[in-house]
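Me: I would like to learn how to read a structure such as this one, feature by feature. Could you take me through it slowly, giving the general idea before the particular case?

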Amino acid sequence: MEHTAVALPGKHARTRIREDQSWGEKLFVVLIYAVVILFSLVCVIPFWIVLADSFASETSFLQHGYQLLPSEWSLDAYIYLLQGEQFISSYKNSLIVTIVGTVLAVLMTSMFAYVLAHPMVKYRHILSFLTYLAMVLGGGLVGFYIMVANWLHLKDSLWALILPYLLNPFYAFILVAFYKSLPYEINEAATIDGAGEMRLFYTIIIPISTPVIATVSLFYAIQYWNDWYLSLLFIDNHKLHPLQLMIRQLLSNLNVSAYVGGGASYQVTAPTNAIQLAIVCLTIGPIVFLYPLLQKYFVKGITIGAVKG
């Protein structure tokens with residue numbers, strides 16, 4: 001029985017307009033590009049408005065509101081923010097919480113997920129059920145506050161912003177699904193060569209789990225960077241406030257002069273609207289620069305388990 005070899009088109013062949021395509025195919029390609037361009041504009045325009053209007057003067061805001069191109073440009077918002085100590089302090093707090101929290105959370109979650117996925121662990125099913133139960137039910141706000149503030153004595157400490165998020169059950173189950181897809185023969189071969197469980201995990205499992213760990217790392221980094229709720233609960237000292245809580249206070253028009261001027265008695269006319277946009281632009285910077293570095297791993301990570309064969 002003879003088999004006829006068929007040449008497959010390139011991966012971009014269907015999304016290019018070629019001479020050998022029919023009018024229907026060309027129209028379909030044009031519609032695809034039109035939809036993608038339209039969707040991109042819908043996503044990009046709000047970011048552009050925020051960026052452009054952060055350089056607008058307060059007079060321009062009061063007269064024209066939000067514009068694609070401000071009628072009057074000004075750096076007053078950025079100068080006003082950077083002249084105070086609170087912005088630098090909040091930025092430092094957010095960076096510390098995000099970096100330390102992400103590293104510790106990824107380390108703990110990956111180890112815990114490895115235990116849940118290991119076929120030789122005796123009580124892994126019970127641990128998985130308890131993890132799922134904790135994810136569904138939770139401990140309640142009152143008990144959570146008493147544990148962190150009274151039992152652990154983490155009030156007015158950056159650890160109160162780090163420790164509660166060290167283990168996310170959903171991210172743990174993502175790692176469990178990946179670990180279970182790995183052949184157990186890897187473990188057996190490493191054990192025969194004399195490797196212990198710790199060496200096996202850190203020298204073999206972690207390197208081949210880079211895509212899913214990078215994905216979980218991005219999730220944790222965004223979670224830590226965007227969180228303001230824990231600081232609202234446990235941080236009374238404004239010097240320990242992260243950026244997100246600072247944004248919340250500014251958007252609520254609460255105590256603006258105390259944040260950017262250094263104290264409540266510091267009274268000055270501030271470009272309030274432009275400040276709100278300027279601090280948003282400065283806040284999203286690290287995440288915007290982080291995502292391109294992890295994008296290739298992120299795409300691999302979210303598709304793990306989608307096709308198996």
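Me: Where should I begin, and how much of the chain over residues 129-152 is helix?

Reply: Begin with what kind of model this is: it is predicted, with local features requiring pLDDT of at least 70 and side-chain atom pairs counting only at pLDDT 80 or more, while totals for chains, interfaces and linings use all residues. Residues are numbered from 1 along each chain as its sequence is written, and side-chain values use heavy atoms, with hydrogens and water left out. Helices (H or I, at least four residues) and strands (E, at least two) are DSSP runs, numbered from the N terminus. Over residues 129-152 the chain is 83% helix and 0% strand, and the C-alpha atoms at the ends lie 26 Å apart. For residues 200-222 the helix share is 96%, again with 0% strand, and the end C-alpha atoms are 29 Å apart.

Me: What does UniProt say about these stretches, and how many helices and strands does the protein have?

Reply: An annotation of this kind should be read with care, since UniProt positions are given in the numbering used here, feature names are shortened, and annotations may be inferred rather than shown by experiment. The unreviewed UniProt entry places "transmembrane region" at several ranges, among them 129-152 and 200-222. The protein as a whole has 16 helices and 0 strands.

Me: How should I read burial and contacts, and what percentage of the residues is buried?

Reply: Burial is a matter of relative accessible area, where buried means under 20%, exposed over 50%, and partly exposed in between (1.4 Å probe, protein chains only). Of the 309 residues in the protein, 37% are buried. A contact means heavy atoms within 4.5 Å, and of the contacts between residues at least 6 apart in sequence, 70% join residues at least 24 apart. As one pair distant in sequence, Leu107 and Ile213 are 106 residues apart along the chain, yet their C-alpha atoms are separated by 9.4 Å. Leu107 belongs to helix H4 (residues 85-117), and it counts as partly exposed because its relative accessible area is 35%.

Me: How is a pocket told from a cavity, and which residues lie nearest the centre of the largest pocket?

Reply: On a 1 Å grid over the protein atoms alone, a cavity is a set of points where a 1.4 Å probe fits but cannot get out, whereas a pocket is an open set with protein on both sides within 12 Å along at least five of seven lines, and lining residues have an atom within 4 Å of a point. Grid points are joined across faces, edges and corners, and a volume is the space filled by probe spheres set on the points. The largest pocket has a volume of about 740 Å³, and of its 21 lining residues, Ala134, Gly139, Phe144, Pro164 and Leu167 lie nearest the centre. Helices H5 (124-137), H6 (141-151) and H12 (229-234) are the elements that give two or more residues to this lining, with the largest share, 4 residues, coming from H6.

Me: What is the make-up of that lining by class, and which residues are closest to the centre of the second largest pocket?

Reply: For classes, Ala, Val, Leu, Ile, Met, Phe, Trp, Tyr, Cys and Pro count as nonpolar, Asp, Glu, Lys and Arg as charged, and the others, Gly among them, as polar. The lining of the largest pocket has 15 nonpolar, 6 polar and no charged residues. The second largest pocket holds about 430 Å³, and Phe47, Val280, Ile284, Ile287 and Val288 are the closest to its centre among 17 lining residues. That lining divides into 13 nonpolar, 4 polar and no charged residues.

Me: Which residues line the largest cavity, and is Asp227 buried or exposed?

Reply: The largest cavity, with about 50 Å³ of space, is lined by Ser94, Val97, Leu161, Tyr224, Asp227, Ser231 and Pro242. Asp227 sits in the loop between H11 and H12 and is buried, because its relative accessible area is 13%. Leaving aside residues up to four places away in sequence, Asp227 touches Tyr165, Pro242 and Gln244.

Me: What is the phi of His153?

Reply: Most residues other than glycine have a negative phi. His153 has a phi near 55°, a positive value, and lies in the loop between H6 and helix H7 (159-162).
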